[in-house]
Amino acid sequence: MKTLYTAAVDLGATSGRVILGAWSKNKLTLTEAHRFPNAYRELGAHAYWELGTFWHEVTTGLRKAAALLPKGAKLASVGVDTWGCDHVLLNDAGRLVFPPHAYRDNRTQAGLKKLAVKGADRIYAATGIPNVFYNTSLQLAETVASCPAVTDLATRCLFLSDYFNYLLSGKMENEFTVASTSQLIDVHARCDWSRTALEHFRIPPSWFNAPVRAGKKLGLVRGLPELKGTQVIAVPGHDTACAYDAMPAAEDGSDLFLSSGTWSLVGFESATPVLGPEAEKARVANERTGDGHFRPLTNVVGLFLLEQIMQDFRQRPQNDREWAALITAAEKLPAPKDLLDLTDSAFTNPASMKAAIDAQLQRRKLKAPRDLAGYTRLICASIGRGHANCMQAFERMTGRKFNRILMVGGGSKNRLLCQATADAAGVPVVSFSLEGTAVGNIARQLIALKAVKDLKTFRRLLSADLDQKVYKPKA
Ligand code: LFR
């Protein structure tokens, strides 16, 4: 069998990458073609994405991926995944009619509080998505309320992965997994929007198409001669859905999934949603999988804390060696007795993360760490405890028992975080040095291209030759 080449465009809120996948003899080899930093920019009081720069990086990456191919070989397909919730508003000609805001913009705070006072329970019962500041629902409600003329200008709302699919293929579709992060999908329907939520937030239903399932072929890449003949495939547009797809999980449902990056997404796969007051209080989000099932998960503030605090220290690590030295120094410190309250809203978008952490510690009459190693230790221990709390809450709510925590993403390379998670949860953490999101993205392309039968088969093949490290809980 010939080698099949595909490309994953995997866009995170703090960095993006284009990865070339080579599938041969049931084995996937990944090559990073391009990696670039990403950040939103503030203009006045608001935070925006620079989509032109972003698109430039995507096309640069795709050209680099094509240049990596052996002579005569072609890229069969490309798929795009991004973080959830953020979106663009367009007219039928594909013109942007409203500036794309970043989900960390404070503009949703008023709507968040208002919904918490009245309506959150009804919306949770309808959508299975809790009231969180980044929801597309709150963002679109604020857009429509602050700029009512937008309803005359916009005819379509595309999530960012949908928008890049459109730029690549010319086809406007709403893919289901990323749509399910919006708080606008009906948790009781197989695959549809929630009228209750759309009406509540006064969002025009005509802005959305009936969601399409992962695997749909959108057409050939346009405008990039290096990718002539390459098919654009709608993969799970939500990065977390891709990361979950890549988990080589036990089939009996006894593994808890943890995708660890800017956010820590702790959850599992289920045929049914987890609803009710306790789930709402624990902020369980019933997002959808590429197959349309449920992915109940809780979003814990993740490595964003560590990424941000680096900006407060001039002597921050600049390369892998310096990172390893920082983690080693942090490991040598005694385990912190008191941990951070990760639900502190000051951690959402602070001017200085160190100042936000210090303020919380001071309020609680606790001493601030002495140096960056101290903060690193405190942050990793706190996130580890956050992971364990989610696991215990899921066990209580569902009666399930999780035997292992499977971990992918940037955090799976962080020994301190893996060990802290195992210690707090009391079960082994299996970390895979795996670009989970890119792997899941490529998996869905291989299935759509009929090179692999289904996700179950892909996971089985993947786990056969995967590097893994087990962190046992310390007694
Ligand atoms: C992770 C992620 C989370 C989502 C958050 C905001 O990258 O997609 O799943 O809750 O970003 O969109």
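Two strands are taken to pair if DSSP finds at least two bridges between them. Helices (H or I, at least four residues) and strands (E, at least two) are themselves DSSP runs, numbered from the N terminus. The structure described here is a predicted model, in which local features need pLDDT of at least 70 and side-chain atom pairs count only at pLDDT 80 or more, while totals for chains, interfaces and linings use all residues. Residues are numbered from 1 along each chain as its sequence is written.

A good place to start is strand E12. Gly267 of this strand stands opposite Leu297 in E14, and the two antiparallel strands, E12 and E14 (residues 294-301), are joined by five bridges. Strand E11 (residues 255-260) is also antiparallel to E12, with four bridges between them; here Ser259 has Leu265 as its bridge partner. E11 and E12 make a hairpin, with two residues between them. E12 is mostly covered, as five of its five residues are buried (20 or more other C-beta atoms within 10 Å of the residue's own; exposed means 12 or fewer, and partly exposed lies in between, with C-beta atoms placed from the backbone). Trp263, Leu265 and Gly267 point one way from the strand, and Ser264 and Val266 point the other way.

Trp263 also leads to the ligand. Among the 14 residues around the ligand, those that come nearest are Trp83, Gly84, Cys85, Thr240 and Trp263 (near means a C-beta atom, placed from the backbone, within 6 Å). Helix H9 (239-245) and strand E12 (263-267) each give two or more residues to this shell. Its make-up is six nonpolar, seven polar and one charged residues, where Ala, Val, Leu, Ile, Met, Phe, Trp, Tyr, Cys and Pro count as nonpolar, Asp, Glu, Lys and Arg as charged, and the others, Gly among them, as polar. Domain 1 (4-239) and domain 2 (247-433) each contribute at least three residues to the shell; these bounds come from an automatic or database domain assignment.

The centres of the two domains, taken over C-alpha atoms, are 24 Å apart. Their contact involves 24 residues from domain 1 and 17 residues from domain 2, with contact meaning C-beta atoms, placed from the backbone, within 7 Å. On the domain 1 side, helix H3 (120-127) and helix H7 (176-179) each supply at least two residues, and H3 gives the most, with three residues. That side divides into twelve nonpolar, eight polar and four charged residues.

Elsewhere, six strands form an open sheet of mixed pairing, in the order E3-E2-E1-E6-E10-E9. Strand E3 (27-37) and strand E9 (216-220) each have a single partner strand, so one side of each is left without a neighbour in the sheet. Within the sheet, E1 (residues 4-11) and E2 (residues 15-24) are antiparallel over eight bridges, and Thr6 stands opposite Gly21 in E2. Helix H16 (residues 436-448) lies across E1, E2, E3, E6, E9 and E10, at about 135° to E1; axes are lines fitted to C-alpha atoms, for helices over the stretch in contact, and angles run from 0 to 180 degrees between N-to-C directions.

Two further helices complete the picture. In H6 (residues 160-169), nine of the ten residues are buried, including Tyr163, Phe164 and Leu168. Just after H6, Gly170 takes a positive phi of about 85°. Ala116, found in helix H2 (residues 109-117), counts as exposed because there are 11 C-beta neighbours inside 10 Å.

Note on methods:
Contact = placed C-beta atoms within 7 Å.
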